Amino acid sequence: MLRQDYNRIDPKRRNVVDHRKKQFATAQFKDADYSSRLNFYSEPPTADITLEQFEQWAIDRLRVLAELEACSFRNKTPAEAATHMKPILDKYLPMDSNSSGSSKLQAQRRKDHYSHFILRLAFAQTEDLRRRFTRVETMLFRMRFNADDLADRTHFVSGLDLDWWEPVTEQEKSDFAAELNAMTSGRKASPEDKNWFKVDWMRVPELVEPRRVFLRGGKAFVPGREQATMVVAEFTTRLEKALDMTSKALPRLDEDDRLTPILNHLSKNFITPDSSYMSESTTTNASVTAGSIDSLSQHFPACMSHLHRSLRRDAHLKHYGRLQYSLFLKGIGLNLEEALMFWRGAFHKVTDDQFNKEYRYNVRHVYGDVGGDSNRRGGGYSPYSCQKILTEHPPGPGEAHGCPYRHFNMENLSVLVQAMGVNDRAVMQGIKEDKESQKYHMACNRVFEHLNKAEIKRAKDEGVLTANQLETIVHPNEYFKRSYLLKNLSQETADVKMEAS
């Protein structure tokens, strides 16, 4: 009898003990039905996608978030950021409204849903990444919410089931009519002004401080036009909690050797998107030869400008400097034959025999002319991105590679950027602030915009800037490409018109 009691399993605990029943059950994967382009991302997606979609969708969203963060760094107003981001969003993460009648609504929203959760996995690893991810995702949600149709937005909010706010009754509107009218007086009339909501005042401190709500009995009476503030605040709160839960679940992914490398790569590249994200060609129609490098160097970013100046001064560069600069020159269109001529001429203090023994093979290896089979098939190595230059092989004594905005002290950095043509004190102060706050790629973009400000204005006036050319520069070869095209805008425009005709 005792033995039987000891072995008997409590029926109430049977589901817990027999874990295999759930663990090995057939999963119910299905596509979600997206009734709105707005999403709180409360439920994870469950349909199948390919590994290629997993990576590419995350990359596309990362480009959007990185550009949103750049808008914040540049102190753009919400209106300026929305205008700047529209072509970029249309390219990488389009989201048509219900009223558009587009046949791509579900596909667009599916990509948005998945890409958010993929990056949530990538950026839940550290507190800093979680904080940054929450900030830029909130910016993206706010931008979409403000741009959405009133009917679609109302439908979305009504489905949120937020229990911490309640509509103001008609009786309350009548009792506090004078106070409520005072809150909306002097503003342009809006259909949303007829709706009022009541919440605990601590929920909306950003509305209490500028006196944009009416307070009574610990409650804030919020006009409908301020609804976005409450919805966005709720989005942020829920995302912060979700990221905290995700961070605790991350160790379970360690065994998946397919996803972990992708997620690690994405999280590292939140500094600035990597070269693999630069899908467009960085070449131009410039004639790049050994003899033209000096004249083309006016279009080089600070890292390559410093390497070029060091090479001309010392007639030598150490290994990582040669590698970084060789790959850059290869990327702008210098072919192998011209590259060998360039490096032989630059190393004029060494004999032909020494050059052939110590340096010629390395140049050929960069281009895939020699080396392993995979290197030859791939055409050699790819030019370094800003992310790679910032994070790999920091320069030591006597070395000229790396990122000047990170690796130089302010005095040496000032000398370099002044030699490039930057003499504006406000720009120099901005570079100093960017360096101190570790926004190195923003300092580089600041220099680019100053050196090309007349050409950028002209290109905007003529409407010839594309979505790619509006994005923050995150690759030295992209810097060169944009600078060269802007300085040769007249010829480029003529070529485009000729092709069109």
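Modeller: Before we start, two strands pair here if DSSP finds at least two bridges between them. Strands (E, at least two residues) and helices (H or I, at least four) are DSSP runs, numbered from the N terminus. The model is predicted, so to speak: local features need pLDDT of at least 70 and side-chain atom pairs 80 or more, while totals for chains, interfaces and linings use all residues. Numbering runs from 1 along each chain as its sequence is written, and side-chain values use heavy atoms, without hydrogens or water.

Biologist: Thanks! How many helices and strands are there in the protein?
Modeller: The protein has 501 residues, of which 47% count as buried (under 20% relative accessible area with a 1.4 Å probe, protein chains only; exposed is over 50%, partly exposed in between). Its secondary structure comes to 29 helices and four strands.

Biologist: In what order do the four strands form their open sheet?
Modeller: The pairing in this sheet is antiparallel, and the order is β1-β2-β4-β3. β1 (165–167) and β3 each have a single partner strand, so one side of each has no neighbour in the sheet. Reading across once more, the order is β1-β2-β4-β3.

Biologist: Over how many bridges do strands β2 and β4 pair?
Modeller: Look at residues 196–200 for β2. Valine 199 faces alanine 220 of β4, and aspartate 200 stands opposite lysine 219. The two strands pair in the antiparallel sense, and the count is five bridges.

Biologist: Is strand β4 largely enclosed or left open by the rest of the structure?
Modeller: Strand β4 covers residues 219–223. Four of these five residues are buried, so the rest of the structure leaves β4 largely enclosed.

Biologist: Which residue in the turn of the β3 and β4 hairpin has a positive phi?
Modeller: Strand β3 (residues 214–216) runs antiparallel to β4, joined by three bridges, and phenylalanine 214 has phenylalanine 221 as its bridge partner. Two residues lie between the strands of this hairpin. The one with a phi of about 60 degrees is glycine 217.

Biologist: Which residues make the nonpolar surface patch of about 340 Å²?
Modeller: A patch joins nonpolar side chains (Val, Leu, Ile, Met, Phe, Trp, Tyr) within 5 Å, or like charges within 9 Å, from residues with over 30% relative accessible area and no salt bridge. One member sits in strand β3 and is partly exposed, with a relative accessible area of 41%. The patch is made by Trp201, Met202 and Leu215.

Biologist: Which residue forms a salt bridge with lysine 198?
Modeller: A salt bridge puts a side-chain nitrogen of Lys or Arg within 4 Å of a carboxyl oxygen of Asp or Glu, and the structure holds 29 of them. For lysine 198, the closest N and O atoms are 2.6 Å apart, and the partner is glutamate 172. Lysine 198 lies in β2 and its partner in helix α9 (residues 170–175), so the pair ties together parts 26 residues apart in sequence. Both are buried, the partner being glutamate 172.

Biologist: How many residues apart are arginine 61 and aspartate 112?
Modeller: Their side chains meet in a salt bridge of 2.7 Å, N to O. The pair links helix α4 (residues 51–73) with helix α6 (residues 105–122), and the separation is 51 residues.

Biologist: Are aspartate 461 and lysine 457 buried or exposed?
Modeller: These side chains meet in a salt bridge at 3.1 Å, N to O. Being four residues apart in helix α26 (residues 453–462), they are separated by about one helical turn. Aspartate 461 and lysine 457 are both exposed.

Definitions and conventions. Areas by Shrake-Rupley, 256 points an atom, 1.4 Å probe, with all protein chains shown as cover.
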